[in-house]
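Welcome! Let us take a guided walk through this structure, one stop at a time.

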Amino acid sequence: MPRLLAVLLIAAALLLMVQKSRPARPMDLSDARITAVIVLLLGAATFALERAGYRATVFVFLLVVLAAVERRPPWLSILLSGGFALGSFYLINTVLRVPLPVSRWGW
Amino acid sequence: MRFALLLLAIFAAGSTAAQTTYPSRPVTIVVPFSPGTGIDILARTLGERFNARWGVPLVVENKPGASGNIGAESAMQAAADGYTLLMTATSFATNVALAKRLPYDPQKSFAPVALVATGTLALVVAPTSPARTIKEFVELVRTKPGVLNYASTGNGTVQHLTMELLKQALGIDLVHVPYKANAGAITDVAGGHVEAMITPVHTAGPLVKQNRLRMLAVLSAERSPVFPSVPTLKEAGFPDLEVEVWYAMLAPAGTPQPVVARLNSEVQEILDSNEVRDALAKQGLSPVGGSPERLAELLRTELARWPRVVAKAGIKAD
Amino acid sequence: MEILNNLALGFSIALTPQVLAYAFIGCLFGTLVGMLPGVGPLTGISLLLPVTYGLNPTIAIVMLAGVYYGAMYGGSTTSILMRIPGEAASVMTCIDGYAMTQKGRAGPALAIAAIGSFIAGTVSVVGLMLLAPPIAAVALKFGPPEYAALLTLGLLVLAYLSSGSTLKMLLMALVGLLVGLVGIDQMSGFARFTWNVPELADGVGVVPVAVGLFGISEIMLSARSAGALKVQKPRLADLVPSREEMRASAAPILRGTLIGFLIGVVPGSAHIISSFVSYALEKKISKHPERFGHGAVEGVAGPESANNSATSGAFIPLLALGIPSGAVPAVMLAALMIHGISPGPQLMQSRPDIFWGFIASMYVGNVVLLILNLPMVGVFVSLLRIPYAYLYAFILALCLLGVYSTNQSTVDVWIAIGFGVLGYFLRKLEFDTAPLVLGVILAPMLELAIRQSLAMSGGDWSIFAKRPIAGTMLALVAALVIYNLLSRGWRTRVGLEEK
C-alpha cells in the first residue's frame, strides 16, 4: 500500500514540475535567516529539554529569543523568561500534575 | 575554589538526606501506555493513595509507544533510587516473545516490587452466533476452518496471543482481524461483524448483561464472581488454560532492598483497603499484592510461556 | 411528556450548588487542558479520575464530562489566537480563525466559536436525549466496511479543502497519507518507515504534525516582520461579532451541528473528521468560496459546531449501549463503572437519576462554558496587544511544552520542528497544508478498515458493495466524484481554471 502511494506521489510531483503554466516567482527567502535561527534554537531546546530540565531550558530559550534575537531590554527579558518558565512549570507540573522533565540535579 | 567545595558539600548532603528518609521528594511512576487505559487508571489509583499516605506526590508519567517498550526503556535508564517506578502489564512478557531486540533485559533490568492486580479474560461471541456454549462454539469452528473471524486489540497483543493459544489447544482455526483499540473490537463483535474475541471480563460485562454479547467461557481457575453462570474452560471439558491479565510494579534494577520492601508493603496496605478493593472490583480486577518474589516467579513463568505460543503460531512483529 | 418529567428530575439534580460547583471545576480544568496544545481531554479526565473516587457518581461524571467539553472549547482558543491546533479536531479552525485574528476580528472569531459550540452542544444533547437508543442500534451496524466507506468520503473531502490547484492538493494529500502510514502495521506486525526509532512504532502523531505545520511554521513566517507588525489595539466594539457575521454564521452552525452529530455517533475515532467535513461543505456551498482561508466566519462557525456536537454524539453509544466509541468515552466508561454504574438501556430504568442527571449536566456544562468563555474573549484578545516580538517567543515555548507533554517524548518535538520547517517551505510555495494533516489522520484508519474488511470477507473486495450501508455510501462517493470530474473537466478544457 505505501508503495502505491509513493508511486502516485512521485507521479504527481513530476506532473507538477512539468506543467509550469506561470513563470515561477523566486521564493521570497528574506526571512530565511531568522527562520534558521528559530529552528536552531528550537532544536537546541529540544536537545536540552530532558538533560537540563524544563525550567532551565525554557528560561534560556526565551531569554535568547527575547534578548539576543529581538533585542529587548535584558532585565525585562530575564523577568519574562523566568516568569514564564517557572509559572508554566508550576501550573502544568504541580497543579495539573502532568510531568515535565526535571534534570538530574533537580531542576 | 571554596565555592566549589561548598557546592560539593551541599550536593553530598542533599543526596544523603534523600537516601535516609524515603520518600522525601515526588516519586514518578512511568506508565508505558496512554492515559485512560486500564493500567493507567490503576497507576493513578495507587498514586492517589501513596500521596495520601506519604504526603509526597506520586506523579504518573505516560510514555506510550511500541507496546510499552518506550516507557520500559525510560524507566530502566532512571536512577535506581526508588524515585522512578514502572507500571507494567502482561504485554511486558509478550513483547519479549515478539521483538527481535529489546532495549532492556526483562529479567535483569528491573527489580520486581509487587504484583498489583490481575484480570480475567473471557471468550465472547457475537449475539448472532449460533453457538450457545463453548462446546458448540468449538464444533462450529471445526466445521468451518478458516472462515470465521475473531477480533483482537492488535497484532501481538495479549488478546491476540491468547486466542492463538486457544486455537492451538483446542485445534480450531479462526481468522484474525486486528483492531487498534478494545472499543472498536468489542463494538464490532457486538454488532455481529466479527464472530468472537478474547476480552477482559469487565470490558465485556455491560454488553453481556444487555445480551449484546455472549460469554462462553472464562480463562481462569475459577468462575468469575461477576458471571457465576459462565464455566471455566476446564469445567467445560477442555484443556485447562489459564491466562490472566496481570499488572505489576517494577523498579530499575539495583534499587535498594529496603526501598523495594517499603514500596511492597505500602502497595499491600493500599490493596487491603476497602475503597481500593471496591474500585478494582468494579473494573473487574482482583487485587493481589504479595511479596516481590511472587512477582519474580510470575515473570519467570510468563517469560517462558509466551515465546512458545508465538513460535508455534508463527506471529512476527518487528 | 415523560421526557419532560425526566428532564425535570435531571435538572433538579444538576442544578444543586454542589453539582454546579464541580461542573464548573471540571469545565475550567478542561479549558486549561484544552488550551495546551497536545494535552487533551484524555489526559485531563485521567488526571481527575482518582480524585472522583470519593464523590457520588453524578458529581463525578458531571465533572469529568465538563473536562471533556471544556477541552473542546479550550482547543479553539489557541487555534484562533495563535494558529496552534489544540488537538486534531481544531485544525480547521486554525485556518480561518487565525485569518480573522490577523484582520483584527479575533474577538468575533472567539465569540462565534463559543456561541456555535454552545448551540451545537445544546442541540446535540437534545438529539442525544431523544434519539439515543435508535441511533445506537444503527451505530452498531457500522462494521469495518462501513467505516472504510465513511473514511473514503473523508478522503473526498480533501478535494474540497484546497483553494489552489488540484494537483498541489493531491500532492499534499499523498504526503499526508504516506506520513500517516509510518509505524508498525496493525495486521502483519511489520514496521514501516520507522528506521529503528521506537517512538515511531505507533506512527507519527497528528499533534506534532499539526502543531508544527500550522503553529511553528506560522511563527517562522511572521517572525521577520515582528518588529514592524502593528500592535493590535482592539476596541470594545471589535470584540463583538458584527450583525452580518452573526447572520453568516447561523446556517453553518446548524449544518455543522448536524454533520458533527451524525459522524460522532459512529463508533470509533471518525468524529475527528467532522470538522474537516463541515469546512469542506461550507466552502462548497458558499457563494464566495475564495473568501475561505482569508477569514471567512463560516470557516469557524461550521467546524467548531461540528466538533462540539460530535462530542455529544460520541456519548450516545456509551450511554445507550455501554459501548465506548473512542478513547475518551472509554475512560468515561471506566469512570462510570468504578462508580458502580453500568451504562446501557437498563441505566435509564434502573438509575434514571444518573442518566437524566448526566444529560441535564451536559446542558449545564455548555452553559457554564459559555459563561466562562464569553467574558474571557476580552482577556484573550488583549493578549494580542503584546507586541509580536515578545509574543512569538512564548508561543514557541508553548508549542514545545504542549507537544512534549503529550507523550513525554522529545521525538515528538523533533517531528513538530521538522514539520514546522516543511510548513514554512510549503507555504512559500503556495501549497495548502490542510490536506496533509487530513491525510495523516485518515491514512491509518482507512487502511486498517479496508484490510479488516478484507480479512472479514476472506479477501473478497465485493464485501464493500454487498453490505447495504457501505454500498450506499460508496455509491454516493462515486456519484460525487463523477459529478465533480465532469464539471471540473469542462472548465479546464475551456481554460478557465488552472489545471
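## A walk from chain C to the salt bridges

Chain C is a good place to begin: of its 499 residues, 66% count as buried. Keep in mind as you look around that this is a predicted model. Chain C contains 20 helices and two strands. Among its contacts with a separation of 6 or more, 79% are between residues 24 or more positions apart. Turning to the outside, chain C exposes about 17200 Å², and carbon and sulfur atoms supply 69% of that area.

Staying on the surface, you can find a nonpolar patch of about 530 Å², made by Y90(A), L91(A), V95(A), F24(C), L28(C) and L32(C). The elements giving two or more residues to this patch are α4 (74–95) of chain A and α2 (17–35) of chain C. Take V95(A) as an example from the patch: this residue is found in helix α4 of chain A. V95(A) counts as partly exposed because its relative accessible area is 45%, which lies between the 20% limit for buried and the 50% limit for exposed.

Now for charged residues. Side chains of opposite charge can pair when their charged atoms come close. Over all chains, the structure holds 18 salt bridges.

One of them is in chain B, where K167(B) pairs with E164(B), their closest N and O atoms being 3.2 Å apart. The two are separated by about one helical turn, because they sit three residues apart in helix α6 (residues 158–170) of chain B. Both K167(B) and E164(B) are buried.

Another salt bridge links E302(B) with R305(B), with 3.3 Å between the closest N and O atoms. Here the helix is α11 (residues 292–313) of chain B, and the partners are three residues apart, so about one helical turn separates them. E302(B) has a relative accessible area of 6% and is therefore buried.

Back in chain C, E447(C) forms a salt bridge with R451(C), the closest N and O atoms lying 3.1 Å apart. These residues are four positions apart in helix α18 (residues 434–457) of chain C, so they too are separated by about one helical turn. How accessible are the partners, E447(C) and R451(C)? E447(C) is buried, with a relative accessible area of 7%, while R451(C) counts as partly exposed at 26% relative accessibility.

Our last stop is a group of residues: salt bridges that share partners join R53(B), R262(B), E266(B) and E269(B) into one network.

Conventions: Residues are numbered from 1 along each chain as its sequence is written. Chains are lettered from A and ligands numbered from 1 in the order in which they are written. This is a predicted model: local features need pLDDT of at least 70, side-chain atom pairs count only at pLDDT 80 or more; totals for chains, interfaces and linings use all residues. Side-chain values use heavy atoms; hydrogens and water are left out. Buried means under 20% relative accessible area, exposed over 50%, partly exposed in between (1.4 Å probe, protein chains only). Contact means heavy atoms within 4.5 Å. Accessible areas come from the Shrake-Rupley method with a 1.4 Å probe; for residues, only the protein chains shown count as cover. Patches are made of residues with over 30% relative accessible area and no salt bridge: like charges are joined within 9 Å, nonpolar side chains (Val, Leu, Ile, Met, Phe, Trp, Tyr) within 5 Å. A salt bridge is a side-chain nitrogen of Lys or Arg within 4 Å of a carboxyl oxygen of Asp or Glu.
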